[in-house]
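Please open the assembly in your viewer and keep the selection panel at hand. The tour goes from one interface to the next, and each stop names what to select.

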Protein chains: 4
Amino acid sequence: MVPLSGGNKVKAGIIGGAGYTGGELLRILVNHPSVEIAFIHSNSNAGNYIYEVHTDLFGDTDLKFTGEYNFNIDVLFLCVGHGDARKFLAANPFPASVKVIDLSQDFRHSEKASISYDTTQNSQPTTRNFIYGLPELNREAIKTADNIANPGCFATCLQLGLLPLAANNTLNSEVHITATTGSTGAGQSLAATSHFTWRNDNLSVYKVFDHQHLTEIRQSLTQLQHNFDQEVNFIPYRGDFTRGIIASMYLNSDLSAEEAVKLYTDYYAGHPFTHVTTRNIDLKQIVNTNKCFIQVQKKGNKLFIISIMDNLLKGASGQAVQNMNLLFGLEETAGLKLKAVAF
Amino acid sequence: MVPLSGGNKVKAGIIGGAGYTGGELLRILVNHPSVEIAFIHSNSNAGNYIYEVHTDLFGDTDLKFTGEYNFNIDVLFLCVGHGDARKFLAANPFPASVKVIDLSQDFRHSEKASISYDTTQNSQPTTRNFIYGLPELNREAIKTADNIANPGCFATCLQLGLLPLAANNTLNSEVHITATTGSTGAGQSLAATSHFTWRNDNLSVYKVFDHQHLTEIRQSLTQLQHNFDQEVNFIPYRGDFTRGIIASMYLNSDLSAEEAVKLYTDYYAGHPFTHVTTRNIDLKQIVNTNKCFIQVQKKGNKLFIISIMDNLLKGASGQAVQNMNLLFGLEETAGLKLKAVAF
Amino acid sequence: MVPLSGGNKVKAGIIGGAGYTGGELLRILVNHPSVEIAFIHSNSNAGNYIYEVHTDLFGDTDLKFTGEYNFNIDVLFLCVGHGDARKFLAANPFPASVKVIDLSQDFRHSEKASISYDTTQNSQPTTRNFIYGLPELNREAIKTADNIANPGCFATCLQLGLLPLAANNTLNSEVHITATTGSTGAGQSLAATSHFTWRNDNLSVYKVFDHQHLTEIRQSLTQLQHNFDQEVNFIPYRGDFTRGIIASMYLNSDLSAEEAVKLYTDYYAGHPFTHVTTRNIDLKQIVNTNKCFIQVQKKGNKLFIISIMDNLLKGASGQAVQNMNLLFGLEETAGLKLKAVAF
Amino acid sequence: MVPLSGGNKVKAGIIGGAGYTGGELLRILVNHPSVEIAFIHSNSNAGNYIYEVHTDLFGDTDLKFTGEYNFNIDVLFLCVGHGDARKFLAANPFPASVKVIDLSQDFRHSEKASISYDTTQNSQPTTRNFIYGLPELNREAIKTADNIANPGCFATCLQLGLLPLAANNTLNSEVHITATTGSTGAGQSLAATSHFTWRNDNLSVYKVFDHQHLTEIRQSLTQLQHNFDQEVNFIPYRGDFTRGIIASMYLNSDLSAEEAVKLYTDYYAGHPFTHVTTRNIDLKQIVNTNKCFIQVQKKGNKLFIISIMDNLLKGASGQAVQNMNLLFGLEETAGLKLKAVAF
């Protein structure tokens, strides 16, 4: 556990607070029992009330966005675009004592999981090393990490559906995955594919077999099953809903249904947010929570798995807070017992 | 009936063919038995296939957008933005023999319902006069008109709910209207209020008591009931669907239920698209058709009316074709017996 | 404050735990810091896990529905249908020491706000008197109440939009209200108007001027403004979303915009869930929270008010917990700082 | 071409006219230039106007449902449930001169594609033989058929995505299919999975690898490629929209992208409703039309195909009319040039 700068509470700063992941982080942190928000940085919204952008927070907080920030914090959340996180850290040398949780993809791949720069304190370059922040994969390493690379949304959903197999060296055939994401997965910017008139009642496929999260996924599977060399065929869909990812996956397997369920259940024992079932699941069961549900069934010689989670929570800001909790020795579920929207 | 330039078919040109009303017009005209499409003008899409923009038309037509146009047509549809229709006509002097059907608001108000300009043929200024193209109000005038100002979507829906009262001088108390429109009413441009993430499952109010269509509405009501001077309170809502407008309206009335229903039924007798009922109606009944359904009931001393129609069809391009049919002596319903989407 | 049977926690029993309001209550109570759930009664689901019905609660609780109940509780929530609450209490004589919070309409009207019956303890009839549980109207009375009649969903939304006017005797003209509710307002039973194929992308009107909640509303308005005798015209709509109510209301008013905003702001000062603004609001801002947002504006001589809230939370189970908090001297917001779904 | 009983028009009778496929058939037939509707049978709605059930048809037709039917027709559409079509024909011996188009699955499989019964005319048993009515597979046989077994909705969508490969004996590896259907695919009856509150914004998987349409699909693929023996893995999803099916499919293939596109384009040349493209497609492009769009691309060694169509039109009633057109020598597209809803 880390000594905290601000007494009993973790002092948190947020860079990029006006986007979706920044807003979602704020929705969690304003009610987190062990966090004090030090600043919420936004270039475009400096001086505005938080609730002018995240309008649902009206009545919950009178915090404002700032155009400045300071180093007197325990943790820095980076909620900026891909590529911008690395640039920000290079240009803004926070002291090494400040832990960084980055929600972009900049530090997720092991060969890019560090950054070196001069700090203001001295001329010795500081090197920040990032741990891939998937608690169901790296919980012990996260607890003692200096910095966290928060996983991607599809990456989280798909890994949680496959990790138990890799951990038991049973990923021995081609994997077939189709997964559909809500519109918040595409962020706040206006685009033809996020126009209501187009997207309502519509489904479409994109980045067939080429989604950028496949790299993270293979990295984690190989971490557990060193000889893993099977193809992972992944078809992403744009869904006509705002939140959530549902992934269906299958592969040939020698495991019986009972063996598979036991293997999954054992793997996730002690992990408070990921739950295994043989009941039918549907996307909305986990929307607005930090949970992931995994349904396991055997059909013929195929193991069939469904994984569902909220892309902005377990797939982004919720998992970031989960990582923060682990980093600072808090209860893993602190601030994350969220009421599901359910309907 | 007008002699046609192209033999048996009306030759039609379209300006602004890449927008929503242009696309909807094309969807109708490609199957219209008495129309030949001469050109579909679009500055931004010149040279592209129609189906590259209106992707559902793939397989139905190999027409392309053009950057040019010619005068060898019978009718010109203007599907450009408000203000641009007047500018276009001033800058592009089509001969007077070409009838113009303008879908913008530029010529809807009687005091602005004309434009004068020099034609290429001679130096005498040509004056185009526009008839307000609501067949249920002006059918006979439309048949002999030179040019048509096609009504607004809310304006059509609300007028059809009130015209029979005005025609009988029974609009003698304040009118209260709430109406909700689909997202296509806001056009193709990307905006915060048409972002799927925002609009899905959402409702919001805008332009309270100030909607620009109120002017058209008052003009028509006064045309029928000269002494009409009551307030018309109109609250527009943005709906979380793509097509359709549902309006509920009420006012104090001395009419009995039977008298009111008879008055509405009589008024719309012979009008093929507007139908009166005492059954409960719901928005989707008319989506993707040119029809308007009107439900009439009496509750206490109040007359309560619901009016539903498709904003892009009866509220825009469908009505434009209906006007074209009347202008050229075709069957009023030609090309407009559209299959409802129903669900 | 009431001495609690179970030590530091309020022991709660729930009757009718398998419906929407029962489920929503459970979603709150499983994370409430000062509540212990004693039993969740359901005839149809006795013996089943809670999460077999409220599937989102999988992983959160291993509680089961019971077919029985006991008297060793502090508070009983009745989540049964209209009419069934009164019957249940008559047939199941809980001791007077158990406070009842009834979510049905059975005890909302002052002339029906009590029930007398024999308890098992003695032959003296017990009389339960119910306070109308709208904290923004009756907070002090609620704190010392024995039993609570929880308000209806539309009733809450509409009252919160009008109470400040009544409290200042400024409800002096006819009121015009249109309000749209999500599908959960119609409960769990299958019906033609809750069939997805019908309701998706659809809007419809029902119970014009006749909604049963008007009685509650008039009762509260008259409680504050004794001479209130104006018509309240209320048009309910069925919306194509699951959660939330948005109401727009207007009336003639002599108040200036500033006076109106001040009047509303003053009235709700100190009420933690109801917030007044002059910014534009939209339905989703409050979905999955216990909050109500009220937008106030003046247009000409009309005061125009929008009120939004979640029908299942502030309009039902959230308000029930708010009432429980007040009844037992807990923080009014305990367990109710809910993360908005926001999108 | 068949001599028609009613002069120039095909006289059509409908059994089961009150369901979704019956309604959709009526929406087409009321505007079909060469059809006269003889009767629309419905036990539950006899005597009611068509528009009391199919409410969008108000204003289009004054036809009523009947509880009786007669033999003086050219074609009988059976829009009843699976199993009921066979029972109906056995119990109601229409003369052999009446062609039957059955929309159920009762006669789709070759080993069950006939029925024998005694007619009222004589004691010789009549045998009706059914041709599987997928025009893109069996057009010539359909033209001379006596009776048609109209394909299933998923079956049509998936076959159209795979037939060109089978026709060229290039279906030589396992096939992986995920397809999502709208709620109308589940019919009119109320069910938990068609409840708006549950289905809105939700996705779920059902009948994994076990969907009943797989039998039809394999039958057709084997008809074209006799040695076809590969696994077809099909994962059906329930979508949160009302109309349409989108299927994504892939398999290992030696074909180049160009070869594949040519093979598909050649196969569908001359078929007026099925169109091949290399552009990205999305579900809504075909909603409310009888068209099927097929996108073909090659990714690595995999051929990736997307197929979209409207489950109620090309997947049911539209295809039934297409079959009727072929049976009676009409233009294949007669009555089926439907305006897409597009948005």
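Contact, throughout this tour, means heavy atoms within 4.5 Å. The model is a predicted one, in which local features need pLDDT of at least 70 and side-chain atom pairs count only at pLDDT 80 or more, while totals for chains, interfaces and linings use all residues. Residues are numbered from 1 along each chain as its sequence is written, chains are lettered from A and ligands numbered from 1 in the order in which they are written, and side-chain values use heavy atoms, with hydrogens and water left out.

**First stop: chains A and D**

Select chain A together with chain D, whose contact takes 37 residues from each of the two chains. Between them the chains bury about 3,100 Å², 56% of it on carbon and sulfur atoms; buried area is the accessible area (1.4 Å probe) that two parts lose on being put together, summed over both. Now highlight A:Leu203, A:Tyr250 and A:Lys284, which supply 17% of the area that chain A buries against chain D, more than any other three residues.

Superpose chain A on chain D (by least squares on the C-alpha atoms of residues with pLDDT of at least 70 in both): a turn of 180° with a shift of 0.0 Å along the axis gives an RMSD of 0.0 Å. That is the relation of a two-fold axis. Because 100% of the interface residues of chain A are also interface residues in chain D, the copies meet through the same surface.

Next, show the side chains of A:Lys302 and D:Glu231, which form a salt bridge with the closest N and O atoms 3.4 Å apart; the term requires a side-chain nitrogen of Lys or Arg within 4 Å of a carboxyl oxygen of Asp or Glu. The interface of chain A and chain D holds six salt bridges by this rule. By class, the side of chain A that touches chain D has 17 nonpolar, ten polar and ten charged residues, where Ala, Val, Leu, Ile, Met, Phe, Trp, Tyr, Cys and Pro count as nonpolar, Asp, Glu, Lys and Arg as charged, and the others, Gly among them, as polar.

**Second stop: chains C and A**

Replace chain D with chain C, of which 37 residues are in contact with 37 residues of chain A. The area buried here is about 3,000 Å², and carbon and sulfur atoms give 57% of it. In chain C, the residues that lose the most area to chain A are C:Phe58, C:Lys339 and C:Phe343, together 26% of what that side buries.

Stay with C:Lys339 and add A:Glu24, since their side chains meet in a salt bridge (2.8 Å, N to O). The count between chain C and chain A is six salt bridges.

**Third stop: inside chain A**

Hide the other chains and colour chain A by its domains, whose bounds come from an automatic or database domain assignment: domain 1 is 10-151 + 315-327 and domain 2 is 153-311. Their centres, taken over C-alpha atoms, are 26 Å apart. In chain A, 22 residues of domain 1 are in contact with 30 residues of domain 2, and the area buried between the two domains is about 2,000 Å², of which carbon and sulfur atoms give 45%.

Which residue does A:Arg243 meet in a salt bridge? Its partner is A:Glu24, at 2.5 Å from N to O, and the rule finds two salt bridges across this interface of domain 1 and domain 2 of chain A. A:Glu24 therefore deserves a last look, with the salt-bridge rule in mind: its side chain meets that of A:Arg243 and that of C:Lys339.
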